[in-house]
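Morning, everyone. Please have the sequence and the model open, and we'll go through a few spots.

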Amino acid sequence: MTNIGKSDLTSHPILQANPLATFEELRGVIQTAINRVLESGSYILGQEVRTFESEFARFIGCSHCVAVNSGTDALVMALKALGIGEGDEVITVSHTAVATVAAIQLCGAVPVLVDVDRESYCMDPHLLETVLSVNTKAILPVHLYGHPADMPPILELAKKHGLYVIEDCAQAHGTKINGQIVGSFGDISCFSFYPTKNLGALGDGGAVLTNNTSLAEKLLLLRQYGWRERYISEIQGLNTRLDEIQAAILNVKLAFLDDDNQRRQKIADLYTQRLRETRYKLPVTAVNAVHTWHQYVIQTDNREALRAFLQQNHVGTGVHYPQAIHQQPAYSGLLRGANHLPATEELIPRILSLPMYPQLPLVDVERVCDLLLEWQARSEKLYR
Ligand SMILES: *Cc1c(COP(=O)(O)O)cnc(C)c1O
């Protein structure tokens, strides 16, 4: 017999993210879908991938979707499809997952960094003009934490200077700006289906979307050794196929994406309501934005002490991310624009991602808030 006493209810661990909870919620349908693939005898680029590509293209409102092995590969594929390589510059941000910058580097191009806006945590469009050069080929905004980058001025500047726009939507499945869904703005857009993303597989996955038919055709070749005809490499490609089992899982989960995003919204609303009167800096949603709350990120002094306090009370938190890309050993000294990123550098030691996943019970959110309020009361006493 399991003992669900009061102490369990107040001290069970609260995870920052919980992909197992999604699986458990959909266990039956997911297992049926996986079995269907197992029995089909078709494990690579079959019906499940085709179905997912057309359904996800429809969800984003793009005419073409090419499913690939990861979000990182989606970015590499997008850059390669646009012919970006050696000597070309791509403008992006340093406050992002390493994959954004790694993909540019993997293609032989030079990442050029601009700072982020202090409210949205996304690319500050006002800074783009300051880093333009004759080698600039593309702008790569990231819709970080589920908040959209400010697309209208980015698109305007790209048009003015003849640059491509590649959207990194890995944290923003369903995010909108001015009523339009992200992933449908740029020349090409990239998604990740890593298990903890808003739309997550139970393994790796990614997708590249575009409205441009010739780009889509090139993406199809690039995905599989440059093959149009089997075994004949027409161009130099890679192998980055989404497999049938992951596609089948994504086909199940796509139907729940809007609901899951709404549950994230409810959790975010409760955090905001409970923490409004505190000294923590809370996330701000632009008036023209629909946020999808991949992360609920606050800012605080003394972050590590707060993290430790929460951990002692069985509450997991995250830091997305502990170092900006230009601060990381592999990239320091290699990136243009790295010497002037004051907003990025100021926020890095202050950010804290609170528990956030669709199945997170609201009573758990209340407990996290109680602890945050308790911590603040304690530190006020300490510093008075
Ligand atoms: C997760 C993520 C990626 C990379 O996706 P993977 O599927 O893990 O390769 C790229 N960009 C951002 C912003 C991400 O959060």
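Let's start with a helix pair: is the crossing of α5 and α9 left-handed or right-handed? The crossing of these two is right-handed. Bear in mind that this is a predicted model.

Now the geometry. Helix α5 covers residues 71-81, and helix α9 covers residues 213-223. Their axes come within 9 Å and cross at roughly 125 degrees. Angles from 65 to 115 degrees would count as roughly perpendicular and over 145 as roughly antiparallel, so α5 and α9 are oblique to each other.

Who meets whom? On the α5 side we have M77, A78, K80 and A81. On the α9 side they meet L215, K218, L219, L222 and R223. By class, that contact has six nonpolar residues and three charged ones. Polar residues: none.

Next, T100. This threonine sits in helix α6, residues 98-106. Is T100 buried or exposed? Buried, because its relative accessibility is 0%. And what is T100 in contact with, beyond its neighbours within four places in sequence? The partners are L75, T92, L140, V142 and D168.

Last, the cysteines. How many disulfides does the count come to? Zero. Take C122. The closest cysteine sulfur is the one in C169, and it is 11 Å from the sulfur of C122. A disulfide needs the sulfurs within 2.5 Å, so that pair is too far apart for a bond. C122 is also buried, with a relative accessible area of 1%. C369 counts as buried too, at 0% relative accessibility.

That's my tour. Over to you.

Terms used
Residues numbered from 1 in each chain as written. Predicted model: local features only at pLDDT ≥ 70, side-chain atom pairs only at ≥ 80, totals over all residues. Heavy atoms only, no water. Buried < 20%, exposed > 50% of the residue type's maximum accessible area, 1.4 Å probe, protein only. Helix = DSSP H or I, 4+ residues; strand = E, 2+ residues; numbered from the N terminus. Contact = heavy atoms within 4.5 Å. Axes fitted to C-alpha atoms, helices over the stretch in contact; angles between N-to-C directions. Parallel < 35°, antiparallel > 145°, perpendicular 65-115°, else oblique. Left-handed = near helix turned anticlockwise from the far one by under 90°. Nonpolar A, V, L, I, M, F, W, Y, C, P; charged D, E, K, R; others polar.
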